[in-house]
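Me: I have a structure to read and some questions about it. Can we go through them in turn?

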Amino acid sequence: MKPLRHWLFSTLRFFYAIKTKQLHWHTTHHAQQARLKHAQRLAHQDIIETLTLRSAQLEHDLAMLKTTHKAQLLMLKTQCKQDIKDYQAYLSALDKLKITIQTSYQHLPEAVAFTIHHHAKQLLNALWIADTVEEKLRCELRLIHFMNAVHEDACVSSDDAAVLSSLPKKTLALLQQPLL
Amino acid sequence: MLIKLVLLLFFCALLLLASADLLLHFAFAHSADYLTVAALSVLFMAFALLAVAALITASHSLSRQLRHFFSASERLQRRLYFFANKQAYSNELFACQRQQINFFKQQRQRYLLEKNNRRQVCALSNTIRQRLIMLKPILPAPAFKQLRDQHQQYRQQLNSAGLIDLLRTIDSLTTQ
């Protein structure tokens with residue numbers, strides 16, 4: 001029985017020694033531990049503040065982005081509607097142009113009138129499919145120039161009865177030029 | 001700590017089993033039975049303790065993970081990801097909507113052009129038909145048939161340029 005008690009007491013002593021060492025370690029390092037915990041808490045708070053700020057910034061950016069996109073889409077829609085209206089107006093103008101040239105030059109072969117109309121429509125399509133602004137401007141200028149020539153020829157014809165039977169020279173000269 | 005205790009119990013159980021074996025060897029069957037029962041009980045206790053330790057560890061780990069998942073920093077981080085994703089989605093949506101608007105614009109323009117082309121082709125075709133009727137008595141039958149077939153073909157193809165060329169040909173034949 002004695003050795004067992006002795007063994008039990010030695011085990012308990014060993015256990016208490018470990019506890020004492022632990023207590024001693026905690027007492028010596030308490031200040032450092034507290035300091036580290038405080039620093040950790042501060043760092044954590046700092047991270048949370050940074051993340052909150054970043055989140056608010058992103059939310060604001062997103063709202064701005066949505067507004068910008070909405071405005072740009074609205075502008076694009078308006079521009080598209082205007083483009084379609086312009087295209088429709090151009091097509092009607094070309095139809096009228098053909099009728100004008102046919103009434104002004106009654107002896108003009110119908111094939112020529114149709115060719116003038118066809119050429120004007122090709123110019124309009126070239127204007128429509130042009131990619132760059134410069135190209136669009138160039139095509140638009142050519143179309144306007146062509147339409148002006150047709151109008152001028154029609155005016156000359158209506159002013160002067162002598163040229164009633166002749167051909168629209170300016171327009172025909174422009175027809176000889178290549179499309180692009 | 002629990003694992004250490006489990007190991008200790010396990011070794012105790014092994015020692016008890018070895019002792020029981022020794023006792024059986026020296027013909028102490030009755031004591032060996034007792035020792036075996038004790039060893040098995042200790043072994044059972046060890047396994048029960050191991051199971052409890054596993055349960056405690058798992059629950060600790062789960063609670064730690066849950067606390068981490070719902071912590072302020074993680075929640076804010078997830079919010080950041082949400083806004084970043086939303087921004088990317090908004091940009092993609094904008095690009096798609098732009099494409100859609102441009103597509104509908106092109107479709108509308110194509111429709112207008114086709115409508116106009118059809119009207120012009122119809123007018124041209126009527127003129128050509130009248131000319132062909134006028135030319136029918138003076139043209140040889142194969143030439144007339146060829147012209148008529150060409151007219152039909154260009155009309156079906158909505159080929160304005162071809163029809164204009166055909167009208168020119170017919171005009172030149174008329175003047176001859």
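What follows is a set of questions and answers on this predicted model.

Me: How many helices and how many strands does chain A have?
Reply: Read along the sequence, chain A runs α-α-α-α. Each α in that pattern stands for a helix. The count for chain A is four helices and zero strands.

Me: What is the radius of gyration of chain A, set against a compact globule of 180 residues?
Reply: Start with the reference. A compact globule of 180 residues would come out near 16 Å. Chain A has a radius of gyration of 45 Å.

Me: What box do the C-alpha atoms of chain A fill?
Reply: The box is taken along the principal axes. Its sides are roughly 150 × 30 × 20 Å.

Me: What percentage of the residues of chain A count as buried?
Reply: To count as buried, a residue needs 20 or more other C-beta atoms within 10 Å of its own. Chain A has 180 residues to test. The buried share is 17%.

Me: What pattern does chain B follow along its sequence?
Reply: Chain B has five helices. It has zero strands. Read along the sequence, the pattern is α-α-α-α-α.

Me: Why is chain B called more spread out than a compact globule?
Reply: The globule rule gives 16 Å for 176 residues. Chain B is well over that, so it is more spread out than a compact globule. Its radius of gyration is 50 Å.

Me: What box do the C-alpha atoms of chain B fill, and what share of its residues is buried?
Reply: Along the principal axes, the box is roughly 140 × 45 × 15 Å. Chain B has 176 residues. Of these, the share that counts as buried is 13%.

Me: In chain B, what share of the contacts between residues at least 6 apart joins residues at least 24 apart?
Reply: Take the contacts in chain B between residues at least 6 apart in sequence. Then keep those that join residues at least 24 apart. The share is 63%.

Me: Which helix of chain A gives the largest share of the side that touches chain B?
Reply: In all, 31 residues of chain A are in contact with 29 residues of chain B. Helix 1 (2-104) and helix 2 (110-129) of chain A each supply at least two residues of that side of chain A. The largest share, 23 residues, comes from helix 1 of chain A.

Me: How many residues of each class are on the side of chain A that touches chain B?
Reply: Sort that side of chain A by class. The result is 16 nonpolar, eight polar and seven charged residues.

How values were computed:
Residues are numbered from 1 along each chain as its sequence is written. Chains are lettered from A and ligands numbered from 1 in the order in which they are written. This is a predicted model: local features need pLDDT of at least 70, side-chain atom pairs count only at pLDDT 80 or more; totals for chains, interfaces and linings use all residues. Two residues are in contact if their C-beta atoms, placed from the backbone, lie within 7 Å. Ala, Val, Leu, Ile, Met, Phe, Trp, Tyr, Cys and Pro count as nonpolar, Asp, Glu, Lys and Arg as charged, and the others, Gly among them, as polar. The radius of gyration is taken over C-alpha atoms; the globule rule is 2.2 Å times the number of residues to the power 0.38. A residue is buried if 20 or more other C-beta atoms lie within 10 Å of its own, exposed if 12 or fewer, and partly exposed in between; C-beta atoms are placed from the backbone.
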